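Hi,

Here is the structure I promised to pass on. Have a look at it first, then read my notes underneath.

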2 protein chains.
Amino acid sequence: MSLTSLPNSEDLKGQKIIISGGGIGGASGALALAQRGAEVTLYERAPEFKEVGAGLQIGPHGVKMLEKWGLKERVFAAGYLPKEMQFRDAITTETILTMDFGEEFKEHYGAPYLVIHRSDLLAILVEAAQEAGATLVNGIHVHDAVKDDEGVTVEIEHREGEDNSGKGKREFVRADLLVAFDGTHSAFRKKIAQDEPVPSAYVAYRGTSPLAEDEAMKDLNAVVGYIGPRCHFIQYPLRGGELLNQVAVFQSPRYLDSLVSGDEVPEDWGNNEEFKNAFDHTNEFIQSRLGRMWLNTWWQMADREPLQDWVVNDRIIVMGDAAHPPLQYLASGAVMAMEDSECLALYASQAAAQGELNWGEVLRDVSAERAPRCARIQTTGRFWGELWHVDGISRLIRNETFRAAEGTGWFKYADWLWDYDADRREYLKDPSKGDLPAELQEWEYNIHKISRQRDSKETDELTV
Amino acid sequence: MSLTSLPNSEDLKGQKIIISGGGIGGASGALALAQRGAEVTLYERAPEFKEVGAGLQIGPHGVKMLEKWGLKERVFAAGYLPKEMQFRDAITTETILTMDFGEEFKEHYGAPYLVIHRSDLLAILVEAAQEAGATLVNGIHVHDAVKDDEGVTVEIEHREGEDNSGKGKREFVRADLLVAFDGTHSAFRKKIAQDEPVPSAYVAYRGTSPLAEDEAMKDLNAVVGYIGPRCHFIQYPLRGGELLNQVAVFQSPRYLDSLVSGDEVPEDWGNNEEFKNAFDHTNEFIQSRLGRMWLNTWWQMADREPLQDWVVNDRIIVMGDAAHPPLQYLASGAVMAMEDSECLALYASQAAAQGELNWGEVLRDVSAERAPRCARIQTTGRFWGELWHVDGISRLIRNETFRAAEGTGWFKYADWLWDYDADRREYLKDPSKGDLPAELQEWEYNIHKISRQRDSKETDELTV
């Protein structure tokens, strides 16, 4: 066997690992670590394992990991393998780029492209983690943790009441390692970064509906993204073609106004009132589909600035959305968390197999590999979103760039994202791989630019 | 001999043709018509034939005509054949597209790419027109013309005084045809269109300087265009490499402000004060070159709306800048005028060779062929200029589109412009060839958009 430890080894036998958070990231972490023989306990605050949202796109970088963890059959059966991804102009509906997910794609990236319901993926990961020997516990919130020379003491709190909202009994648990997959409002990120989420001014509406009886859509076999000025609209099948997943995303004028003016942000930005007319400038086909979106929930989309170091200390690391909440444009939020899990389990088991498991060193290596990678995904996601939403002449140029990419081949744009293997340690060896490519380095995120311009105006006023 | 009459025929023998205007258009018209045997008199208001400006780019669509008229050796000797055209980003100087003007280019378009001093080209055309038998007269202004069943009576005015500015003796001259090449402020266009020039908000500074002693530039053998936010900068050699031609173009903030506000436009928009800092955001190389620009003259760049029909009546037609003044971005202003000349001479001689020379029919055919062609060049020129001048994310996308065009081949973007032959009558057969391609049809010229938004605001105010 090579240095590359495969799952289902005993390399981490005797290592006690606590995971905080039972979303896709935490569950995948429990699975990857348990498969290497670690004694994993996962604590989830909520009374049951569940995901909010609907469909989730998993690129080949994620599918490769699901296959490695032995879940190929389960996720393929629960999800859907789209034939291709079509980018269309949201005003004309013209297809400006088709990314074929056929044989050439699968050979190039080593795996197909998958879409799956978030709940289905979570259920599969939870089940598989349990099968691998991990203990997954609901109703327990990981409150804090303190490391010492021999491990970490984790303070947990038993949530009480029917909805687990009450404060409950506290308890201390010992472990060798704490992995904080505790989401974008992570308690452990606070120990290393005093930052806030960065709202993008965009809001998502989602909806699933039966596909078979949907005359206009019943032949859909692709991921279709209509990209348009200040909005986009995504459609793809789920659950073997049973369900239609739709996502409608638009820029909230009220959020933008408050960002520009510096006035207080309305809490309900992106509400139904704003949704009502947000797609009036797009093709009537898109408008005809919006009746199927859920109206009771909407997602105000935000990310955070990239974090350069995820290591809280030698025994605690943040991962998943706690470390790198992205915008959704590269469909890599869940995949990054899975990559984090696999990278941690892999590097730890490799170190253990060499007889040198020093968690501090492992965490530093994992962070050095993963942080630049995720920074690039976060930053590129911001750029990619802006590219989707341009208007006027920029939109026409964008469309031509997409058409040209179909001609010259688009793999060159996607390889950095989809052709990844933590075992190559490429970011660890060359952290500059986390930067945007030279052609994009002068680009400034529009949200940054607006804030900068507003702040410089405020400074002007102060100095007058 | 085929229907395609070659120059130096006698097809138009006995036809008396007056041309108003002795610029490149009028001189080429005199040449093309005289070469078909017509009795041509050209009147130029100024006391001598001269061109303002400096270098002129002649694409293969123009060079083909110069060759057809027998001027190949003269223009090649007077001008310069650049090796290639380089588009560079004005901020980084990165070359984003190189258009090779070598063998493949010459074979594809049937002629090379030429740059030549405007004065040199005009002198060659004037000399050749005279050699072909045309009479070219300075100091006479074509004032008006009235057609009757048998021809046209042209009212000319002898300019007086040393600078020919005074009003002088009027005289009536008879002809079979009057061709008005009398420029963008044409007296004859007024008979068919009540429009005004449309300023682009961009202003050009020009300059020529000796190339041999210019250390930084002495190896220049290409047309190089640095394109940047709200400005661009062009360099190429002239006169066999003796002279360096430079053009610095930028958007005038003062013009733009007055366009947005509706306030009075300052007459000197684009003046030296504005020029001084207009390139501060570009690469220091460009800034280091601006000391060689002439400061005493600047060109406020404007075009006009495309004109659908150039026929004033059966005996009078407008051509050249009188019919279709363009922005300069496609370097086709002079070439369009030459195409007009050749088209008129060709269609007339073909009709005459068939024994059916009816000037009304010829003019209608010429206009039906030429007007859509020139409309497309005018409109595409506006678009092309905007594409050069975009900022922010649009600039990064534009750069990628240019890089992609180098990969996929850029002929497809240029064929409509550079692969033209009036003898194919392609626009006459299908006037829709004059439209922008489908991908660009929703594009709105920024100057139109600003005017529209200003006007709608004014209307709002009125209705409040």
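Helix H1 of chain B passes H9(B) in a right-handed crossing. Keep in mind that this is a predicted model, so treat everything below as a description of that prediction. To find the pair, look at residues 24–35 of chain B for H1(B) and residues 333–353 for H9(B). Their axes are 8 Å apart, and the two helices pack at an angle of about 25°. Angles under 35 degrees count as roughly parallel, which means that H1(B) is roughly parallel to H9(B).

Now over to chain A, where helix H10 covers residues 359–389. How far apart should the ends of a helix with 31 residues be, at 1.5 Å a residue? The expected span is 45 Å, and the end C-alpha atoms of H10(A) are 44 Å apart, so the two agree. H10(A) does have a kink, though: about 25°, at Arg370(A). Follow the chain a little further and you come to a proline, Pro372(A), shortly after that kink.

Go back to the start of H10(A) and zoom in on Asn358(A). One of its side-chain oxygens reaches to within 3.0 Å of the backbone nitrogen of Gly360(A). As for its surroundings, H10(A) is mostly covered, with 25 of its 31 residues buried.

While you are in chain A, click on Glu44(A), which lies in strand E2, residues 39–44. Is Glu44(A) buried or exposed? Its relative accessibility is 15%, and buried means under 20%, so Glu44(A) counts as buried. You can also try the distance tool on Glu44(A) and Thr153(A): they are 109 residues apart in sequence, and their C-alpha atoms are 17 Å apart in space.

Last, two arginines in chain B. Which backbone angle should you check at Arg230(B)? Check phi: at Arg230(B) it is positive, about 60°, although this residue is not a glycine. Arg230(B) lies in the loop between strand E13 (223–228) and strand E14 (231–238). With a relative accessible area of 36%, Arg230(B) is partly exposed.

Arg425(B) is not a glycine either, and has a positive phi of about 50°. You will find Arg425(B) in the loop that links helix H12 (411–418) to helix H13 (426–429). Its relative accessibility is 22%, so Arg425(B) counts as partly exposed.

Have fun exploring!

Conventions:
Residues are numbered from 1 along each chain as its sequence is written. Chains are lettered from A and ligands numbered from 1 in the order in which they are written. This is a predicted model: local features need pLDDT of at least 70, side-chain atom pairs count only at pLDDT 80 or more; totals for chains, interfaces and linings use all residues. Side-chain values use heavy atoms; hydrogens and water are left out. Helices (H or I, at least four residues) and strands (E, at least two) are DSSP runs, numbered from the N terminus. The expected span of a helix is 1.5 Å times one less than its number of residues. The bend at a residue is the angle between axes fitted to the seven residues ending there and the seven starting there. Buried means under 20% relative accessible area, exposed over 50%, partly exposed in between (1.4 Å probe, protein chains only). A polar contact is a pair of N or O atoms within 3.5 Å; within protein, one must be able to donate a hydrogen and the other to accept it, and residues adjacent in sequence count only if both atoms are side-chain atoms. Axes are lines fitted to C-alpha atoms, for helices over the stretch in contact, and angles run from 0 to 180 degrees between N-to-C directions. Angles under 35 degrees count as roughly parallel, over 145 as roughly antiparallel, 65 to 115 as roughly perpendicular and the rest as oblique. A crossing is left-handed if the near helix is turned anticlockwise from the far one by less than a right angle, and right-handed if clockwise.
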